[in-house]
Every structure is written in structure tokens, then in C-alpha cells.
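Please walk through this protein model with the sequence and the coordinates side by side, beginning with its enclosed space and then turning to its open pocket and a few individual residues.

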Amino acid sequence: MKNLRSLALGLLPLTALLASCATTVSDSSTAAAQVESASVFSDEQVKLVANRAANWQLANLDNLDSYIRFISRETPNPRGWVKGTFFLGLADYAEITGQSGYFDSLGAIANREEWKLGNRLYHADDHLVGQVYFRLARNGVDGADVALTRAAFDTILADPPKTQMMHPDKEGDPECSKRWCWSDALFMAPATWWDASETFGEQAYADYAHSEFQAATDLLFDKEVGLYYRDSRFFDRRGADGEKLFWSRGNGWVYGGLVNILRTMPTEDPRRGYYVDLFRKMSDRLVQIQADNGMWRASLLASSATPPETSGTSFFVYGLAWGQNEGLLKGEKYRAAVDAGWRALVANVDEQGRLGYVQQVGDRPEGVQPDDRQLYGVGAFLLAAGQILQYSQL
């Protein structure tokens with residue numbers, strides 16, 4: 001990509017010379033816009049916008065009611081999934097860019113929380129922060145301790161949940177949440193279990209993760225469409241355009257989770273093909289339904305115009321860029337999707353570093369506003385930025 005970018009920039013003076021006799025204000029504006037647009041992929045510009053987003057979010061971890069429209073019971077929890085997604089994205093970005101200061105900030109938080117998972121033993125949302133702990137431990141953060149994560153997983157293996165996977169239509173955590181009965185769970189927990197398997201050399205953790213991931217996929221993955229329902233309540237529901245209801249961020253959780261599993265599990269694991277196949281099926285569907293504005297709609301199959309939504313889009317750009325970086329996705333359609341998606345995301349980060357159009361906490365497609373912000377949106381954006389920095393196929 002850098003070579004192509006350099007070639008393109010090198011041709012600009014020649015292009016200007018050849019066209020000098022017919023230059024117009026419109027021509028000049030178009031050329032300037034093209035140069036500015038291309039620059040969003042330069043290492044300097046990617047780091048500039050990503051650092052801006054990371055720094056603003058780090059500085060605003062506590063004054064949540066000043067910028068978040070809907071604060072859930074989990075939003076303030078430093079061991080929960082809302083902040084945990086930001087922490088994971090920041091850890092990944094810090095590792096890729098070698099910015100140790102971010103590890104210092106995350107290490108201070110982890111030490112304050114005594115390296116504990118969330119309070120709900122079986123709940124996938126409370127396992128996500130374990131991925132952050134494993135990442136910090138691998139990067140030599142002072143005080144890193146993953147023993148409590150191992151102890152929690154050993155307790156689960158000693159008494160694995162046997163609840164059914166259908167999600168009752170009621171408020172609160174259903175009984176099935178002891179297992180991975182909703183799509184979000186496939187981002188929160190499986191990669192943590194695979195990381196435990198790799199870290200401790202215990203195959204039982206990977207076996208459990210694979211079995212539960214398969215159970216969730218057998219229930220929620222629509223093989224004809226190539227997307228996941230958020231949970232069993234949505235099998236027969238339809239959106240405003242009569243479409244099957246496939247939620248953007250719900251599928252973003254799965255897609256990002258697939259990438260995190262594939263980045264963690266051994267390349268020689270015989271089960272790897274299962275995840276690669278799912279990843280490619282979702283990728284092919286996602287590039288088909290990307291909106292003209294580079295985003296993905298909150299309801300993925302909706303045909304009417306909808307506002308941009310950046311959390312799902314960030315996860316999709318993360319996965320599509322990673323797939324090309326790893327040689328799993330090849331072809332112009334994937335390059336074009338990442339190109340449009342990343343440009344759209346960057347356009348929604350303001351000068352202070354605030355990412356907008358992040359759908360609020362929920363479980364289905366809903367409206368989104370320009371100043372809607374959430375920590376998990378920034379986490380997903382940083383995951384995407386890390387892969388864009390390594391992206392060499394545009």
C-alpha cells in the first residue's frame with residue numbers, strides 16, 4: 001500500500017502539469033480532496049486519529065454522564081464489557097504501535113482491580129477483561145496476574161453449565177446467559193478461553209471454548225444469509241423494511257470475536273478451519289451489504305437509508321483488514337470495503353478525538369445520533385486502526 005501511495009503522490013505533479021492549460025477551481029478542489037482522502041491511510045495520519053481517540057477516552061473514563069446518552073449498569077464497571085472492550089482495543093493498539101504509556105495506564109487500572117474478572121462466574125461479559133489481562137501479562141506489565149482468571153475457568157470446568165440455549169423474552173439476565181446464548185458473548189468469552197489454553201498449556205480450556213462456540217453458532221447462525229441473529233428471540237422478528245433482523249453490532253461482536261480467536265489459537269489446530277470458514281462466509285456477506293456511505297446499517301439488511309453506525313462498522317473494518325493482512329481474504333471487493341469503511345470511520349472522529357454515531361447499549365438495531373458515544377465504540381475503532389497500520393493491500 002505504501003508503494004502504491006508513494007507512486008500516486010509522485011504522479012500528482014505530472015498530472016497537474018499536463019492539465020495546467022485547463023485547470024479550474026473545481027479541478028483543483030477535486031485533486032486536493034483526493035490527496036487529503038488518501039492520507040487517512042498513512043501511518044502518520046492513522047496514528048494521529050487513533051491516538052486522539054485513545055487519549056480522549058482515557059481522559060474521560062469517569063465523567064460518563066457528560067457524554068454518554070445511555071449509561072447501563074455495566075458502563076461504569078472497570079471489569080465489565082463496556083470499558084473492557086475499550087481496554088482490549090487500547091491494549092491491542094499499544095502492542096502494535098509500541099506505545100508503552102498505554103500499557104502503563106491499563107496496568108494501573110488492572111492493579112487497582114486486583115486482576116479480577118467480573119463478579120458473575122459464568123457470564124461471558126465478565127470474562128472479556130481476562131483478554132486484557134493476558135495481553136498485559138505478555139507485554140511485561142508490572143504486577144500482571146492471570147491466576148484468578150485461571151481459577152475462575154477451573155471452577156467452571158468443574159461444574160459446566162447445562163442450561164438450554166433459548167433466550168426467554170424477559171428483562172434481566174436469563175438463565176441461558178450461563179452459556180453463550182447471545183451473539184455478543186462470542187466476542188466476550190471465547191478468545192479469553194483460547195488465551196488461557198495457550199498461556200497455561202491446558203487443552204481443556206480450548207475444548208470448552210470450541211464446544212460452546214459451536215453450540216451458539218448452531219443456534220444463531222443463519223446459513224442462508226451468512227449472519228448471526230442476536231439471540232433466539234429474533235428468529236421471527238422483522239425490521240421496518242420487512243427484512244430479517246440482523247443487528248450490526250451483534251454481528252460485529254461475532255466477527256471481531258472470530259478474528260480474536262484466530263489470532264490466538266495455534267495455526268496447526270485442526271479446528272482452525274471451522275473458524276476460517278465462518279469468517280469467510282461472514283466476510284462475503286458483509287461486503288455485499290455495505291452501504292454507499294462506507295458504513296454498515298444498524299439493521300444490516302435494511303433497504304432504506306439509515307444514519308451511519310460506527311461500532312459495527314469498526315468491527316467489520318477490523319476483521320476485513322485483518323483477513324487481508326493474513327491472506328485469508330483476497331480480491332478487490334475486500335479492498336474496496338476496507339477503503340470505504342476506514343474513510344467513513346475517520347470522518348466521524350472530531351478534532352477532540354470523540355467518535356460519534358455509536359449506537360447506545362442495546363440488543364437490536366436502533367436509532368443513532370451524531371454525538372452518540374460509547375467506550376466500546378472506541379475500543380472497536382482502535383482494533384481497526386491497528387490492522388490499518390499493518391494493511392498493505394489497498
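In this predicted model, the largest cavity is lined by Pro78, Arg79, Phe87, Leu106, Ile109, Ala110, Glu113, Val129, Val132 and Tyr133. Two elements, α5 and α6, each give two or more residues to the lining of this cavity. By class, the lining holds 8 nonpolar and 2 charged residues, with no polar residue among them. The volume of the largest cavity is about 60 Å³, and the count of cavities of 30 Å³ or more comes to 1. Rolling a probe the size of a water molecule over the atoms shows where empty space is left.

One of the lining residues, Leu106, also offers a way to place Leu88, since the two are 18 residues apart along the chain and their C-alpha atoms are separated by 9.4 Å. Leu88 itself belongs to helix α4, which covers residues 81–97. Leu88 counts as buried because its relative accessible area is 3%, and buried means under 20%.

The loop between α5 (100–112) and α6 (128–138) contains Glu114, and Trp115 is found in that loop as well. Most residues other than glycine have a negative phi, and most peptide bonds are trans. Against that background, Glu114 has a positive phi, near 60°, and Trp115, although not a glycine, has a positive phi of about 60°. Their surroundings can be read from the accessibilities: Glu114 counts as partly exposed because its relative accessibility is 48%, whereas Trp115, at 3%, counts as buried.

The open side of the analysis concerns the largest pocket, which has a volume of about 660 Å³. Its lining comprises 25 residues, and of these Arg73, Gly172, Asp173, Arg230 and Asp363 lie nearest the centre of the pocket. How do the lining residues of the largest pocket divide into nonpolar, polar and charged, and how many fall into each class? The lining of this pocket has 13 charged residues, together with 6 nonpolar and 6 polar ones.

A last stop is Arg373, which is found in the loop between α14 (332–346) and α15 (375–389). Arg373 is buried yet has no salt bridge, and the nearest side chain of opposite charge, that of Asp350, is 4.2 Å away. A salt bridge would require a side-chain nitrogen of Lys or Arg within 4 Å of a carboxyl oxygen of Asp or Glu, so a separation of 4.2 Å does not qualify. The side chain of Arg373 does, however, reach the backbone oxygen of Leu355, at 3.4 Å.

Technical notes
Residues numbered from 1 in each chain as written. Predicted model: local features only at pLDDT ≥ 70, side-chain atom pairs only at ≥ 80, totals over all residues. Heavy atoms only, no water. 1 Å grid on protein atoms, 1.4 Å probe; cavity = no way out; pocket = protein on both sides within 12 Å on 5 of 7 lines; lining within 4 Å. Points joined across faces, edges and corners; volume = space filled by probe spheres on them. Nonpolar A, V, L, I, M, F, W, Y, C, P; charged D, E, K, R; others polar. Helix = DSSP H or I, 4+ residues; strand = E, 2+ residues; numbered from the N terminus. Buried < 20%, exposed > 50% of the residue type's maximum accessible area, 1.4 Å probe, protein only. Lys, Arg positive; Asp, Glu negative; His and termini not counted. Polar contact = N/O pair within 3.5 Å; in protein donor to acceptor, adjacent residues only side chain to side chain.
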